[in-house]
Amino acid sequence: MCGIAGIIALNNEGADLAATARVMNDTIRHRGPDGEGYLLIGKSEVIPAFAKDTQQSVINSSIPHKPVMALESRGGLKGVLAHRRLSIIDIGATGHQPLCNSAQTLWIVYNGEIYNYIELREELMKAGHKFHTSSDTEVILAAYAEWGYECVNRFNGMWAFVIYDKNKKQLFASRDRFGVKPFYYCKDKEKFAFASEQKALLAGVADFKPNEKAIFDYWLFAAMEEEEEGMFKGIYELFPAHSLTLNLETGELKKWKYYTLPYSNKYSDTNFNLAESAEKIQSLFLDSVRLRLRSDVEVASCLSGGLDSSSIVGAIYKLTGKGLNTFTTAFDDAGIDESPWAKLASDYTHSHAHYTFPSSTELLKDMQDLIYCQDIPIWSTSTYAQFRVMRLIKENGIKVALDGQGGDELFAGYGNYYFYYLRDVLKKQGVSSFLKNANTTGQLKRYFSQLVIKKYLSNLPLGQQLAVHLKIHPELKYLNRDFLQRNIQRVKKEKDNYTLNEALHKDFDNSLLKCYLKCEDRCSMWHSVESRTPFSDDINLIEYVFSLPSSVKVVNGELKSLMRKAMRGITPDAILDRQDKKGYMTPNRQWIAEIRNEVRYLFENPALAEYLDTKSILRDYESLFNQPHKPDDGRIFKLIAFAQWVGVFEKN
C-alpha cells in the first residue's frame, strides 16, 4: 500500500517537473512514510532518483531499480513518476519503487495489493518470466509484459498503478474494479499529472476551484464523485474498472472500461440449492480472507460488532486457529454503542480487543485534519469514528487491518433495500405476500412513501421537483437560491423500476460503495494503515453472489438472509441472529450541539456565500445546531463539513 504521483510535460520538456513531483509526493507522505522514490523520464533515458525519505539500504543496494542520483530540478525532462512506500510485502530494498523489469524498459509506480500474486507468479514463471523480488509489484510488470492491457483481468485485489513503457513512449494506468484504491488526474495542453489524492494535485498543478455541479449533487442527492470531474474543477477521477494510456509524444489520452460486473436478473431459480450455496459462499469467503492475510507484517482487523466485521474476525480464527488484534469504536450511549457485540466476537475468537472512545471535544480538535484527509466534504461524524479506529491501529504499531466494507452492498444489508425486496415480492408473488412481508418488516408506510417519490417525483417539472426536495429536507433552504437555479437542470429523472439485484448492482458499481471506500482509504492511509476489504474486491466471491437470484438475499423480511446462513460456524450465532443493525452510528446531533459555538466562525467565510445563505444560517444558528435530542437525519452535519472543507482547502 502506498501513494503515487507523477507529471508529464506534453509540449516541451519542463525544467520544474522534478520540483513539482516532489511537492505532490510530499503532500501524500502519510500514505507511505517508509520510503520514497522517483523516475526521471528524458527523451531517451530514464533515471531512478532518491530523496530524503529513501532508505539508505535502497541507495546502497545492487537492485536493478536502484536510485542512482538525488532528485533535483533539471532541464530536459519529459516526465517524473513518484512513489511513497508503506512497506508491507517484500519489505526490504527489493520492494522499493519505482520498480523496473530486467531490461529497464518497463517501470511502475503502484498502490495496492494483488492478493493472488503468488499464483500469478507461478503461472508467469512457467511462461518464461524471471523474478528478482518477492513483491506483487514485479508480478504486475511481468503480467503486463505477458498479457498487455488485459493483465488487469487476471488480478484479484485492489490497485491503482502507472506503468511507463519506454519502447512505446506511453503510460498505461489502471484502477481496480470497484474503486478500493483511488486515482485522480489533470490534463491540459501543457501537462498531464496524476496522484492518489486530489490534495497532491492541488499542491502541485491545480488551483482550488470548487465545482458547483458536484456541490449541487452533494446537497440535493447526497452524491459524491459520481462524475469524472468531482468537487474540484479540473481534477478528474479515473473511474473504477477503467484503464488509460497516455502517448508521451502526441499527448493523446485514451480511456476504456475493462470490466463490467455481471449479475442475475432472475427473481428465483428452481435449481437454487440453499445449503449448497451457503457452503459455496463460506468457502469463497474463507479463501478471500486467506488471500488477504498475505503480508510480511502483522495483520489486524477493524471490528464494529456487526455481521461483516465479526465474520472477518471469525474467518481469520477459523483459518489460523489464533486470535488477533481487533479495533472498535465505543460510546457511553447504549443506544448506539456496539462494543458489547464486538467484545462477543473478540472473545469468541480469543482476540485482543482495543477500544477508542471519541468525543465531541476530540472531533473539534481533529476537524480540519478529518476534512483535509478526505479531500471532499463528508456526510456525517461516522467518518470520524472510522478515523479514530485507524488512528488506534497506528498507535499500536500495526500497518494492515481487514475491514467489512462492502458486505451490505453485496448481501443486501441496508434498510433501503426493503423497498426493492417488497416490490419484487409484489410483482412475483402478489398482493397477499407483499402485505404479509410489508407488515412483518414494518415497512408498509415507508414503501408507499418511497414509491410516491420514486415513481411520481421525476415526472414533475424541474422547479416542482426542486420544491419537493426542499420540503423533504429543510436544511436545503439554506442553500443560495441563485446557486440552486443555476444547476436546476441537474435534477435527475430517477429510474423507478429497479429490482433488488439491480439496486445492489447500482450501489456496487461506481456509486454508494465507492463513496464508502473513499472514506475507508483516506481514514486508513492518513494514519499509514492499509485497509483490506474482502467483500469489496474479491472478484470470485463478488461474482458468485451477484449470480444468484434476488429472492435468496432477503427472505421473509430478513436482510442478509443468505449471508447469515453462510457464516454459521464462523460467526457467533447471537451476532448472526441480530436484527438491530445500527450501522456505525455516532452521537451526531449531540456532538453538533456541543461544538456549535466553536464552529460558528466557519459560516462567516465570504467564500461560502456562493453556495450557502450564510445570513440565514447565522440567524437560525441555535435552532439548526442545538438539537441534541432530535432524531438524527444524517444531514445537518453536512453544513459544518462543507464550510470546513471550503476553509481548509482555501488555506492549503
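**Stop 1: the open sheet**

Start by colouring strands E6, E7, E8, E9, E13 and E14. In this predicted model, these six strands make an open sheet, laid out in the order E6-E7-E8-E9-E13-E14 with antiparallel pairing. Now pick out the two ends of that row: E6 (99–100) and E14 (253–257) are the edge strands, each with a single partner, so one side of each has no neighbour in the sheet.

Zoom in on the E14 end. Select 242–247 to get E13, which runs antiparallel to E14 and is joined to it by five bridges. Show side chains for Ser243 and Trp256, and you'll have a pair that stand opposite each other, with Trp256 belonging to E14.

Next, add residues 136–147. That's helix H4, and it lies across E6, E7 (106–114), E8 (157–165) and E9 (170–175). Its direction is at about 120 degrees to E7.

**Stop 2: Gln97**

Stay around here and click on Gln97, in the loop between E5 and E6. Is Gln97 buried or exposed? Gln97 is buried, with a relative accessible area of 3%. Turn on its side chain and look for two polar contacts: one of 3.3 Å to the side chain of His83, and one of 3.4 Å to the side chain of Thr137. Leaving out residues up to four places away in sequence, Gln97 also touches Glu36, Gly37, Ile108, Val109 and Tyr110.

**Stop 3: strand E2**

Glu36 and Gly37 lead you to the next selection, residues 35–42, which make up strand E2. Eight of the eight residues here are buried, so E2 is largely enclosed by the rest of the structure. Rotate the strand and check both faces: Gly35, Gly37, Leu39 and Ile41 sit on one side, with Glu36, Tyr38, Leu40 and Gly42 on the other, and both faces are covered.

Which strands does E2 pair with? One is E5 (77–85), antiparallel to E2 and joined to it by eight bridges. Look for His83 again, as it is the bridge partner of Gly37. Another is E3 (46–50), which pairs with E2 in the antiparallel sense over four bridges. There, Leu40 has Ile47 as its bridge partner. Follow the chain from E2 to E3 and you'll go round a hairpin of three residues.

**Stop 4: two crossing helices**

Jump to 360–374 (H10) and 382–395 (H11), whose axes come within 11 Å and cross at roughly 90 degrees. That makes H10 roughly perpendicular to H11. To see the contact, show side chains for Glu362, Leu363, Asp366, Asp369, Leu370, Cys373 and Gln374 in H10, and for Thr383, Tyr384, Phe387, Arg388 and Arg391 in H11. It's a mixed bunch: five nonpolar, two polar and five charged residues.

**Stop 5: helix H18 and its surroundings**

Select 500–508 for helix H18, where eight of the nine residues are buried, so H18 is largely enclosed by the rest of the structure. Among the buried ones are Leu500, Glu502, His505 and Phe508. What do they pack against? Bring up H12 (407–411), H13 (417–429), H19 (512–526), H20 (534–537) and H21 (539–546) and you'll have the set. After H18 comes Asn510, with a positive phi near 60 degrees.

Finish in H19 with Ser524. Ser524 is buried, at a relative accessible area of 1%. Setting aside residues up to four places away in sequence, Ser524 touches Met390, Val529 and Ser531.

Technical notes: Residues numbered from 1 in each chain as written. Predicted model: local features only at pLDDT ≥ 70, side-chain atom pairs only at ≥ 80, totals over all residues. Heavy atoms only, no water. Pairing = 2+ DSSP bridges. Contact = heavy atoms within 4.5 Å. Axes fitted to C-alpha atoms, helices over the stretch in contact; angles between N-to-C directions. Parallel < 35°, antiparallel > 145°, perpendicular 65-115°, else oblique. Nonpolar A, V, L, I, M, F, W, Y, C, P; charged D, E, K, R; others polar. Buried < 20%, exposed > 50% of the residue type's maximum accessible area, 1.4 Å probe, protein only. Polar contact = N/O pair within 3.5 Å; in protein donor to acceptor, adjacent residues only side chain to side chain.
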